[in-house]
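Let's take a look at the charged side chains here and who pairs up with whom. Have the model open as you read.

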Amino acid sequence: MQRGSRIRTLNRGVTVVGGGMSRFGLFRDKDSKDLFAEAFLDLMGSVDKGVDPEAIEALYVGNFSNDFFVHQAHWGPILSDLIGMTPKPATRTEGACASSALAFREGVFAIASGFYDLVLVGGVEEMSKRTTEEVAEGLALATVPYEGKAGFTFPGVFGAVATAYFHRYGANREHLMNVTLKSHDNAPLNPKAQFPVTIRDLMAAKRKSASEKGLPAPEWPDEKGFLEDPSVNPVVAWPMRLFDCCPVSDGASCLLLAAEEIAGRFTDSPVHVAGIGQGSGRGLHACPDLTSFEATKYAAREAYGMAGLTPEDIQFAEVHDCFSIAEIVHIEDLGFFAPGKGYRAVEEGATRLEGPKPINTSGGLKCKGHPVGATGVSQLFEVWTQLRGRAGKRQVPARDLRIGGAHNLGGTGGTCTFTILERR
């Protein structure tokens, strides 16, 4: 039997009965406590039958690098005190960009074990108070030490992944543009998104700005022509350009988890945790293949086994698109498309909102934003919102939407989670 192939199960059903998010963006006038309070208040208003905060038994919160970004650590009790949960237990989890997905996982296990019945999970990150160079330095703390010391920061990492993918499968820059265009089409439909603007809207804004300054209006043949223009979309780490990269972001997110047998106290339409998996990976310098992440495949196998489902059963998903190439690689590793076929699927519209496998309906990390400690739970928040049919203009149009997934990657693939939620 392959190591790790045993099918794992939860000893007790776990459901999501509430959720909240702050707006993602750059907020010079807000700190981590402000952001988490915003997300928590949003959650409190989402619980259909209401919830007494006193009934929440524990807090698990993800945060990656506030120690570096704002010189403050120990965020579990700080946020517990903020929302009036002290002296109940509060635990911080850290897994780079997968930090709050780990908080969710720990909250699920706490309930499944029978130890708690009602748990709050969430995440927060405050990144805007630092320069771009300082943010790059902070995020590089999640690289493998050897790679970090060599200056292999994340744009370079995913530039290398893209170059390897292009070489193996024949994809090119235009295929990355297809991911960018889709993300920018979805984001304006999300009121929480950091960049709720299409590429066509950006083109119009650039023309207007030039006109107001008395300059010749720039002309581009179409959106891809705009994305080819180095004056507006410069190279960051070839073949990654600016619009292939997620932004620096502030934000917070949270979910309320309840044991299955008490979920009816809070809502008549709980969303169930059907499968949950986690994997780890080695540094890229030691990987035999730069076009795949072993941690993703492991986490996916674990989650599918627990849920008794296959990739074909997942109707839509949020995946960790920190860079445009990442989305393509992840949808292949998760089994949605065969290796080397993901870029074609995006090109053909399969991953669009109205396509057969919608990916990143929220706008993804690329446009919704990526406050790293909040990202994992924010992805699950989107899946929960979609399964409840409350995503508004970005609602997946499938008539019987029941199963969605959330994939969260930390570091250079060192930590990965894949979680499947189900409406029953």
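A salt bridge here is a side-chain nitrogen of Lys or Arg within 4 Å of a carboxyl oxygen of Asp or Glu. By that rule, Glu260, Asp400, Arg402, Glu422, Arg423 and Arg424 join up in a network of salt bridges. Keep in mind that this is a predicted model. Searching the whole structure turns up 27 salt bridges, and three of the pairs are worth a stop.

| Pair | N to O distance | Relative accessible area |
|---|---|---|
| Glu38 and Lys30 | 3.1 Å | Glu38 27%, Lys30 24% |
| Arg388 and Asp48 | 2.9 Å | Arg388 13%, Asp48 37% |
| Asp289 and Arg168 | 3.2 Å | Asp289 23%, Arg168 46% |

Start with Arg388 and Asp48, whose closest N and O atoms sit 2.9 Å apart. Arg388 is in the loop between α15 (372–387) and β10 (403–410), and Asp48 is in the loop between α1 (32–44) and β2 (58–62), so this salt bridge ties together parts 340 residues apart in sequence. Is Arg388 buried or exposed? With 13% relative accessibility, Arg388 counts as buried, because the cut-off for buried is under 20%. Its partner Asp48, at 37%, is partly exposed.

Next come Asp289 and Arg168, with 3.2 Å between the closest N and O atoms. This pair also links distant parts of the chain: Asp289 belongs to the loop between β8 (271–280) and α11 (294–307), while Arg168 is in helix α7 (residues 154–169), 121 residues apart. Asp289 is partly exposed at 23%, and Arg168 is partly exposed at 46%.

Finally, Glu38 and Lys30 meet through their side chains at 3.1 Å, N to O. Glu38 is partly exposed, and Lys30 is partly exposed too.

Technical notes. Residues are numbered from 1 along each chain as its sequence is written. This is a predicted model: local features need pLDDT of at least 70, side-chain atom pairs count only at pLDDT 80 or more; totals for chains, interfaces and linings use all residues. Side-chain values use heavy atoms; hydrogens and water are left out. Buried means under 20% relative accessible area, exposed over 50%, partly exposed in between (1.4 Å probe, protein chains only). Helices (H or I, at least four residues) and strands (E, at least two) are DSSP runs, numbered from the N terminus.
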